Amino acid sequence: MKNERPTPASPLRIGTRGSPLALAQAHETRARLAAAFDLPHEAFKIVVIKTTGDTVLDRPLKEIGGKGLFTREIEEDLLSGAIDIAVHSMKDMPVLQPEGLLLDCYLPREDVRDAFVSLKFDSLDALPAGTKVGSSSLRRRAQLTARRPDLEVVEFRGNVQTRMKKLEDGVAGATFLAQAGLNRLGMADVARSAISPEDMLPAVAQGAIGIERRANDPRTAEMLAAIHDRDTGTRLAAERAFLAGLDGSCETPIAGLAEIDGPMLRLRGEILRPDGSEVLSEDRSAPIAEAAMLGADMARDLRARAGEGFFDWITAKA
């Protein structure tokens, strides 16, 4: 018997965080599902779920639990049946999902680059020595310190509006946001410039939206298959295998970007010490069918290059 479609009376429930960006991503998911099955938007209900990461804004993410801070409560509601699917920014997602959940649907990827945001300066290179630059990302902080050790990096969290207010108040002279998020919010003009991956390799899965579901829900599996973007899935298979082979949490500065060129996939990866004192990188290509293997192999070889002491600072803090 054919799986029944959701209706306004019995909608498919879409779980999401409540930030403007998270809601924009949930609305995009709803619009794609509605179009794919010629259903009214009312057949899909957006359910806002508050996560730990949304409530603790005065401390760095690494001090309060890492990536799971933005997913744990949502996944609990998905497992309990309170929602039917969960929409995530993939760069926030741990590499392993709880038992009973699957992450096998990705929407077409947006711009992967980091956006440089400032009220006074047009680019990172234009910042005078000693300028305070705000970021909560370990990856961006390490990359920035490696490239511009003459700048002062300060902790900086919050949504776009909060960060802009901090810039107005002089907390910092510049900050960074994901260009994808600005584009999805219709706020691309907030960026003074987008930073090339050659200058700042982005976070693994930056710009990608993932949709999580219960493993035992065939109706939802069928519907999500209709909106899955295969190229994004292939690219993330490489990037997330790379992340999984390393630390894979907010505790380690890691960058990675996969790009498809015909039958081949190119993967660039980078690991850094948090103070920017050492940067190790790899750049390899393989057939797209070997995407995950390429990511795992690159992670293994980077770990070998780094040596036993490279990640010791993590365990020393535990």
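**A helix across a mixed sheet, and a buried strand**

Helix α6, which spans residues 160-168, lies across strands β5 (114-117) and β8, and it runs at about 165° to β8. This arrangement, like everything that follows, is read from a predicted model.

The two strands beneath this description belong to an open sheet of 5 strands, in which the order is β7-β6-β8-β5-β9 and the pairing is mixed. Strands β7 (152-154) and β9 (193-195) stand at the edges, and each has a single partner strand, so one side of each is left without a neighbour in the sheet. On average, and with direction ignored, neighbouring strands of this sheet are turned by 30° against each other. Strands of a sheet pair through backbone hydrogen bonds, and they may do so in either a parallel or an antiparallel manner. One of the pairings here joins strand β6 (residues 132-134) to strand β8 (residues 174-178) in the parallel sense, over 2 bridges, and Val 133 stands opposite Ala 174 in β8.

The side chains add a further link between β5 and β8. A pair of aromatic rings is described by the distance of the centres together with the angle of the planes. A search of the whole structure finds 1 aromatic pair, and this pair is formed by Phe 116 and Phe 176, which meet edge-to-face with 6.1 Å from centre to centre and 70° between the planes. Because Phe 116 lies in strand β5 and Phe 176 in strand β8, the pair ties together parts that are 60 residues apart in sequence. Phe 116 is buried, with a relative accessible area of 0%, and Phe 176 is buried as well, at 1%. Another ring, that of Phe 156, has Lys 166 lying over its face, at 5.2 Å from the ring centre.

Strand β3 can be followed separately. How many of the residues of strand β3 (residues 85-89) are buried? The count is 5 of the 5, so the strand is largely enclosed by the rest of the structure. Ile 85, Val 87 and Ser 89 point one way from β3, whereas Ala 86 and His 88 point the other way, and all are buried. Strand β1 (residues 12-16) pairs with β3 in the parallel sense over 2 bridges, with Gly 15 standing opposite Ala 86 in β3. Strand β10 (residues 209-214) runs antiparallel to β3 and is joined to it by 5 bridges; within β10, Arg 213 is the bridge partner of Ile 85.

Definitions and conventions. Residues numbered from 1 in each chain as written. Predicted model: local features only at pLDDT ≥ 70, side-chain atom pairs only at ≥ 80, totals over all residues. Heavy atoms only, no water. Buried < 20%, exposed > 50% of the residue type's maximum accessible area, 1.4 Å probe, protein only. Helix = DSSP H or I, 4+ residues; strand = E, 2+ residues; numbered from the N terminus. Pairing = 2+ DSSP bridges. Axes fitted to C-alpha atoms, helices over the stretch in contact; angles between N-to-C directions. Contact = heavy atoms within 4.5 Å. Phe/Tyr/Trp six-rings, centres within 6.5 Å; stacked < 30°, edge-to-face > 60°. Lys NZ or Arg CZ within 6 Å of the ring centre and 35° of its normal.
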